[in-house]
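Dear colleague,

I am passing on a structure that I would like you to look through at your own pace. Please open it beside this message, and read the notes below it afterwards.

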Amino acid sequence: MLELKGTQVTNQIKSNLYPCAHCGESGTCRNGESESSCSLCIKRNELKGKGHSGIACGICGGLGQAEPMTERMNKRITPMLSLVIVFLLLFLIFWSLIIKSDYFNEVLAFASAVIGSVVGFYFSGNKNS
Ligand SMILES: [Zn+2]
Ligand SMILES: [Zn+2]
């Protein structure tokens with residue numbers, strides 16, 4: 001009853017939001033016994049025990065609409081991953097400096113090329129990636 005509702009409709013309205021299947025767009029979780037909220041949402045609202053009802057949906061935060069998980073991941077993980085890469089490369093540069101590596105010039109050239117492309121990618125507005 002809840003899961004198919006609105007899947008076609010949302011594609012037309014907003015590409016990056018979908019009606020929350022967990023609460024059926026109501027924003028209130030009724031997935032527990034006798035219309036009470038499920039244990040997951042109770043936990044997310046930091047309440048203890050069972051039998052709470054009318055609790056805000058923990059999946060969409062009570063909005064009734066949620067961002068697709070994949071989109072959320074893309075938004076968060078890609079910048080985080082590139083940050084990690086940049087930090088790793090900076091660390092590599094420092095490390096080569098400290099141990100006075102014979103490959104310091106190579107490391108520096110490689111790292112600055114990668115950092116340059118990562119930074120360029122994010123500051124160009126992702127247009128020609
Ligand atoms: Zn919901
Ligand atoms: Zn729930």
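The notes that follow take the metal sites in turn and then a pair of loop residues.

This is a predicted model, in which local features need pLDDT of at least 70 and side-chain atom pairs count only at pLDDT 80 or more, while totals for chains, interfaces and linings use all residues. Residues are numbered from 1 along each chain as its sequence is written, chains are lettered from A and ligands numbered from 1 in the order in which they are written, and side-chain values use heavy atoms, with hydrogens and water left out.

The zinc ion (ligand 1) has as its protein donors Cys20 (SG), Cys23 (SG), Cys57 (SG) and Cys60 (SG), which lie 2.2 to 2.3 Å from the ion. Donors here are N, O and S atoms within 2.8 Å of the metal (3.2 Å for Na, K and Ca), and since water is not among the atoms, sites may look incomplete. The arrangement is tetrahedral because the four donor atoms subtend angles of 103 to 113°; four donors count as tetrahedral if all angles lie between 85 and 135 degrees. Cys23 sits in the loop between strand S1 (18–19) and strand S2 (28–29), and Cys57 in the loop between strand S3 (55–56) and strand S4 (65–66), so this pair ties together parts that are 34 residues apart in sequence. Strands (E, at least two residues) and helices (H or I, at least four) are DSSP runs, numbered from the N terminus. Both Cys23 and Cys57 are buried, a word that means under 20% relative accessible area, whereas exposed means over 50% and partly exposed in between (1.4 Å probe, protein chains only).

The zinc ion (ligand 2) is coordinated at 1.9 to 2.3 Å by His22 (NE2), Cys29 (SG), Cys38 (SG) and Cys41 (SG), and its site is also tetrahedral, with angles of 100 to 114°. Along the sequence, these donor residues follow the spacing H-x6-C-x8-C-x2-C. Cys29 is buried, with a relative accessible area of 0%.

Cys29 also appears among the contacts (heavy atoms within 4.5 Å) of two loop residues, since Gly54 touches Thr28, Cys29 and Ser37, and Ser36 is in contact with residues including Cys29, Arg30 and His52, in both cases leaving aside neighbours up to four places away in sequence. Gly54 lies in the loop between helix H2 (39–44) and S3, and Ser36 in the loop between S2 and H2. Although 18 residues separate Gly54 and Ser36 in sequence, their C-alpha atoms are 6.7 Å apart. Gly54 is exposed, at 54% relative accessible area, whereas Ser36 counts as buried, at 10%.

With best wishes

Conventions: Four donors count as tetrahedral if all angles lie between 85 and 135 degrees; four count as square planar and six as octahedral if opposite donors are over 155 degrees apart and all others between 65 and 115; anything else is irregular.
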